[in-house]
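Visitor: Please take a close look at one helix and what surrounds it. After that, go through the other enclosed parts and the open spaces in the fold.

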Amino acid sequence: MSLAFDEYGRPFIILREQERKSRVKGIEAVKASIMAAKSVARTLRSSLGPKGMDKMLQSPDGDVTITNDGATILEMMDVENQIGKLMVELSKSQDHEIGDGTTGVVVLAGALLEHAESLLDMGMHPLRIAEGYEMACKVATENLDNIKTRFEFSKEDIEPLVKTCMTTLSSKVVGRLKRQMAEICVKAVLAVADLERRDVNLDLIKVEGKVGGKMEDTRLVEGIVIDKEFSHPQMPKELRDVKVAILTCPFEPPKPKTKHKVDIDTVEKFEALRDAERSYFTDMVQRCKDSGAQLVVCQWGFDDEANHLLMHENLPAVRWVGGVEIELLAMATGARIVPRFQELTVDKLGHAGSVKEVGFGTTKDKMLVVEGCPNLKAVTIFVRGGNRMVLDEIKRSLHDAICVARNLVRDNAIVYGGGAAEISCALAVEEAADKVTGVEHYAMRAFSDALQAVPLALAENSGLPPIESLTAVKKRQLEESNPYLGIDCNDTGTNDMREQNVFETVIGKKQQLFLATQVCKMILKIDDVIKPSEFD
């Protein structure tokens, strides 16, 4: 694209391959963008809430994923449209920042754009709509600060954290075991949390899984689970009070760096070479023994000769352990990672209370469980499930719950779920809109209506009459000034979310409002779309 001027000095644009491009301008461009965003939001709308439906996605190579996690659905959907891709990025940013509420943020953004469309039809300028949305968003976030409740918890009293995680898990595949799973997630977060600094390093929580067991068999391992087994089948299957050496150097003779060629033309030369190799292996194993190590964990492999020698010297070993596991193991056991055999000394060894090899049913799968570590700063949630799809979905669900617990450690303010917070914010924005005199009044009203899309979708997905349910709750919130009333998705007979124990974190809710408003603002400001034509 380049700029040129005619003989009167008026600028005009020259587009390369003009005849091959299609171009949409002005309000048409904005409406086309809104249309694309709405269709993405509509796909996710039905998977919102505890009774939300799952989506089945098939990748190009035939892998099937069944999930109702918004970020996963959008990531795996093959979205062609650029505006659709913006919605995918929107759910990703919510996932990275908060870890939960990925479906809600897309549904909200879709509703905001839908209401913006009717304002455009009234002749309102897109920028004025965006400004009105910004004002409404500010009112809504201030209202969240007014209705929030603080949840005090400690390492002894974890019930508030468990209840909040149960809300997240109630819409997932693990819904029937939400209490057990929530407790596992909270204990994992508190094990690695620094409560004074209000900080949690999620890298220290590893979620491992094996197909074959029941969901109920999921447990928290206060240590590390490594998807490996002892290198020799005759090595002991369980070790107690062991000193661990962690090596990142291979058990093999050093190779010359130059290109070399070895000619072995006599038996004596072959014997000499073999003896030299054996002496290398013997020296390596002896160094490990001399340091006092009772278990060797190696990042690289070792051949049968070394394996046999290790077995012969009663020195259990594990090979081909990944870099992430090596680091976690070093943190947990207090060992130093040793890059060369010459540097292996007593002070670089770690300690573990028990290391045992665990087998699974009739399969040949085995894993190592390392427990009783001095620095309990790395924990593993060991997940079991009937098949690979269930297992993956449990892992995604637990990730959301872990993120919620992490957010509560960072900021323990909560609002009530079930659409209660959205209805309360909608009422606050409506009230504020009446005091605004400009055309932004209409945009604020539209924002208020869009906020009600979340409770509407919750009611719809739960099989309740959506408009009647929303109107009844909204009326009660107004009359009683009670921001804790929401949609009774589980049909328990009460709309009070405090009694139902349905909570959401304030930082998660605020992030949803901020992100949805920003994306709408961005989409409303696009007034010219130039793209290659579909037909050449």
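Guide: Start just past the end of helix H9, at Asn314, which follows the helix and has a positive phi, near 55°. The model is a predicted one, and the angle is computed from its coordinates.

H9 itself spans residues 304-312, and its buried residues are Ala306, Asn307, Leu309 and Leu310. Seen down the helix axis, these four fall within an arc of 165°, so they line one face of H9. An α-helix has 3.6 residues a turn, so residues three or four places apart point the same way. The face of H9 turned away from the buried side carries Asp304 and His312, both exposed. The cover over the buried residues of H9 includes helix H8 (267-290) and strand E14 (317-318).

Helix H14 can be read in the same manner. Of its 9 residues, 7 are buried, so H14 is largely enclosed by the rest of the structure. The buried ones are Ala453, Val454, Pro455, Ala457, Leu458, Ala459 and Asn461. They pack against helices H1 (26-45), H4, H12 (420-433), H13 (440-451) and H15 (466-480). After H14 comes Gly463, again with a positive phi, here near 80°.

H14 (453-461) also supplies at least two residues to the lining of the largest pocket, as do other elements, including H4 (102-121), H11 (388-410) and strand E20 (503-505). This pocket has a volume of about 780 Å³. Its lining has 47 residues, and those closest to the centre are Gly49, Thr167, Thr168, Ser171 and Glu504. H6 gives the largest share of the lining, 6 residues. By class, the pocket lining has 12 nonpolar, 23 polar and 12 charged residues.

The closed spaces come next. There are 2 cavities of 30 Å³ or more. The largest holds about 50 Å³ of space and is lined by Leu108, Leu144, Ala421, Glu422, Cys425, Leu451, Lys509, Gln512 and Leu513. The elements giving two or more residues to this lining are H12 and H17. Its residues divide into 6 nonpolar, 1 polar and 2 charged.

The second largest cavity holds about 40 Å³. Ile226, Val244, Leu295, Val297, Val318, Leu329, Val355, Leu368 and Val370 line this cavity, with strands E13 (295-298) and E17 (366-371) each supplying at least two of the residues. The lining of the second largest cavity has 9 nonpolar residues, no polar and no charged.

Conventions: Residues are numbered from 1 along each chain as its sequence is written. This is a predicted model: local features need pLDDT of at least 70, side-chain atom pairs count only at pLDDT 80 or more; totals for chains, interfaces and linings use all residues. Side-chain values use heavy atoms; hydrogens and water are left out. On a 1 Å grid over the protein atoms alone, a cavity is a set of points where a 1.4 Å probe fits but cannot get out, and a pocket is an open set with protein on both sides within 12 Å along at least five of seven lines; lining residues have an atom within 4 Å of a point. Grid points are joined across faces, edges and corners, and a volume is the space filled by probe spheres set on the points. Ala, Val, Leu, Ile, Met, Phe, Trp, Tyr, Cys and Pro count as nonpolar, Asp, Glu, Lys and Arg as charged, and the others, Gly among them, as polar. Buried means under 20% relative accessible area, exposed over 50%, partly exposed in between (1.4 Å probe, protein chains only). The arc is that of the directions from the helix axis to the C-beta atoms. Contact means heavy atoms within 4.5 Å.
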